[in-house]
Amino acid sequence: MTQETGGFAALDLHPSIVAAVLATGYEEPSAIQQQSIPIILAGHDMIGQAQTGTGKTAAFALPILNRIDPSKREPQALILAPTRELALQVATAFETYAKQMPGVTVVAVYGGAPMGPQLKAIRNGAQIVVATPGRLCDHLRRDEKVLATVNHLVLDEADEMLKLGFMDDLEVIFKAMPESRQTVLFSATLPASIRAIAERHLREPKHVKIQSKTQTVTAIEQAHLMVHADQKVSAVLRLLEVEEFDALIAFVRTKQATLDLASALEAKGYKAAALNGDIAQNQRERVIDSLKDGRLDIVVATDVAARGLDVPRITHVFNVDMPYDPESYVHRIGRTGRAGREGRALLLVTPRERRMLQVIERVTGQKVAEVRLPNAQAVLDARIKKLTNSLAPLVAEAESTHGDLLDRLTADIGCSPRALAAALLRKATNGQALTLEAVEKEQPLVPTYTPRERTGGDRPERGERERRAPMPLAEGRARCRTALGARDGIAAKNLLGAILNEGGLAREAIGRIQVRDSFSLVELPEEGLERLLAKLKDTRVAGKQLKLRRYRED
Ligand code: AMP
């Protein structure tokens, strides 16, 4: 739809960048992108106040890509990120947006991986370097000229970098770069320490802040659920089992996500359809009409595609992907609770997006309560309730219309009415799991997160070496022990790497890792722990058997 693509096309970005962005399925720039891109393109220094979830990565990545010269094979832009996880994410984002710019290469520089290949990639002419400050300083110690050609610097999550103690490293890095460079700083908060950095190292920076007006949302019951990104679809499927909805709209960020979720829902028997900017106007109207009259119950939409959608039947809004800002949150959830009816809004929050949740709570002036995923018992109860509700109205009449048939069938088959009723139920429920055991088997529990829990993904390389007092275990986590410790040459990152690779876990699924001299403790998800430990049975770290076991503190 030209109207949506116009958003990115109007930003003066190189057509190959716009094409790559549209190919990823973004339909229009987010607020932080709208405001930052022109400023960075114009070469200004900038302070952007934005948190994860606002689209801040593309807000700097797109204009920075626009400003580099692909024909020059030397580092031209440096992005500093507090953690290895974020550095990798940012590097991947750059690669995605540079897909149609031949000759542009990106290197991620972080601790826990060998330095040689990183340095080689830089020397081979990677134009974009995404680094954690600690490891970059290690490189600078080997070669103080690595950053000599870098003209664009981005500090991503600057407040986090300072919290992790990277202040001194940042100073070393600033010194190693040309003074004439462009510097862009993104930070969720602007404490005095960040303002001091800006004062010293930025030149007449422009400020970008997404102004959030207080918004009121009444009559809508709001809740959030902490979940990992890769578990969203199964979380949605499980929530739908217990939510009593009439019609529902699920919001996601990309066209692809609308298609993926809609087909996952259809596969489970829901009457669902996708609504995105690629869908022609007449088709869009058909989808909305179907939602209105009940031929569809769920629409999975992007913000753009859902614009102007007003269907009084909508009782639920699922924010499967985080909205970019509180305003669009309020907008989204306003699709329900129409005409004085009650509505319910659910927000899925990944560990990195916690802050965005706080911003939403602040702006709306309301607490968004945390809910847990319903357990197997709740799913079973909900299924039985649905079955009861569907059968109860038939009972009175059915006996007169089908009672004789029942008598005949029991006689013909030679079974009791109970046995026949059971057979009919099995047929009617079409193989659906209707015992606790069967439900448990069918839907492995998805581990969720509590807000206070520290995630492995946010841990700094250095912090891993620190000895901290043992912390209480977060809910859903189990502590495991290995007899390998520092004296075996083990560091937290070795354990992390081994468990990630062999266990196939998401990085955030691993909690604190404490390496002591003669043993180490690792926090792992309680759900599926036995399976995971079995998977890791033969894993070796630093040439020795890991032999991870559940650790009981008492
Ligand atoms: P960030 O705030 O940079 O961490 O981005 C959060 C998520 O939003 C990432 O998964 C991005 O791929 C996605 N995203 C960023 N900009 C857009 C956009 N304009 N349209 C759709 N998704 C976006």
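Visitor: How far does a backbone N or O atom of Thr54 lie from an oxygen atom of the ligand?
Guide: Keep in mind that this is a predicted model. A polar contact here needs a pair of N or O atoms within 3.5 Å. Thr54 offers a backbone N or O atom, and its distance from an oxygen atom of the ligand is 3.1 Å.

Visitor: How much of the ligand does the protein bury?
Guide: Start with the ligand taken alone, which exposes 490 Å². Of that area, the protein buries 80%.

Visitor: Which residue has a side-chain N or O atom 2.7 Å from a nitrogen atom of the ligand?
Guide: Let's go through the side chains. Tyr26 has an N or O atom in its side chain 2.4 Å from the ligand, but the ligand atom there is an oxygen. With a nitrogen atom of the ligand and 2.7 Å, the side chain is that of Gln33.

Visitor: How many residues in the shell around the ligand are polar?
Guide: The ligand takes up the space of the largest pocket. It has 14 residues around it, with Tyr26, Gly53, Thr57, Arg253 and Tyr324 the closest. The shell splits into four nonpolar, three charged and, for the polar group, seven.

Visitor: Which are the edge strands of the open sheet?
Guide: Seven strands make up this sheet, with parallel pairing, in the order E10-E11-E9-E12-E13-E8-E14. An edge strand pairs on one side only, and that fits E10 (272-275) and E14 (369-370).

Visitor: What is the bridge partner of Phe251 in E12?
Guide: Strand E9 (247-251) and strand E12 (314-319) pair in the parallel sense over five bridges. In E12, Phe251 has as its bridge partner Asn319.

Technical notes: Residues are numbered from 1 along each chain as its sequence is written. This is a predicted model: local features need pLDDT of at least 70, side-chain atom pairs count only at pLDDT 80 or more; totals for chains, interfaces and linings use all residues. Side-chain values use heavy atoms; hydrogens and water are left out. A residue is near a molecule or strand if one of its heavy atoms lies within 4 Å of it. A polar contact is a pair of N or O atoms within 3.5 Å; within protein, one must be able to donate a hydrogen and the other to accept it, and residues adjacent in sequence count only if both atoms are side-chain atoms. Accessible areas come from the Shrake-Rupley method with a 1.4 Å probe; for residues, only the protein chains shown count as cover. On a 1 Å grid over the protein atoms alone, a cavity is a set of points where a 1.4 Å probe fits but cannot get out, and a pocket is an open set with protein on both sides within 12 Å along at least five of seven lines; lining residues have an atom within 4 Å of a point. A molecule sits in a cavity or pocket if more than half of its atoms lie within 2 Å of its grid points. Ala, Val, Leu, Ile, Met, Phe, Trp, Tyr, Cys and Pro count as nonpolar, Asp, Glu, Lys and Arg as charged, and the others, Gly among them, as polar. Two strands pair if DSSP finds at least two bridges between them. Helices (H or I, at least four residues) and strands (E, at least two) are DSSP runs, numbered from the N terminus.
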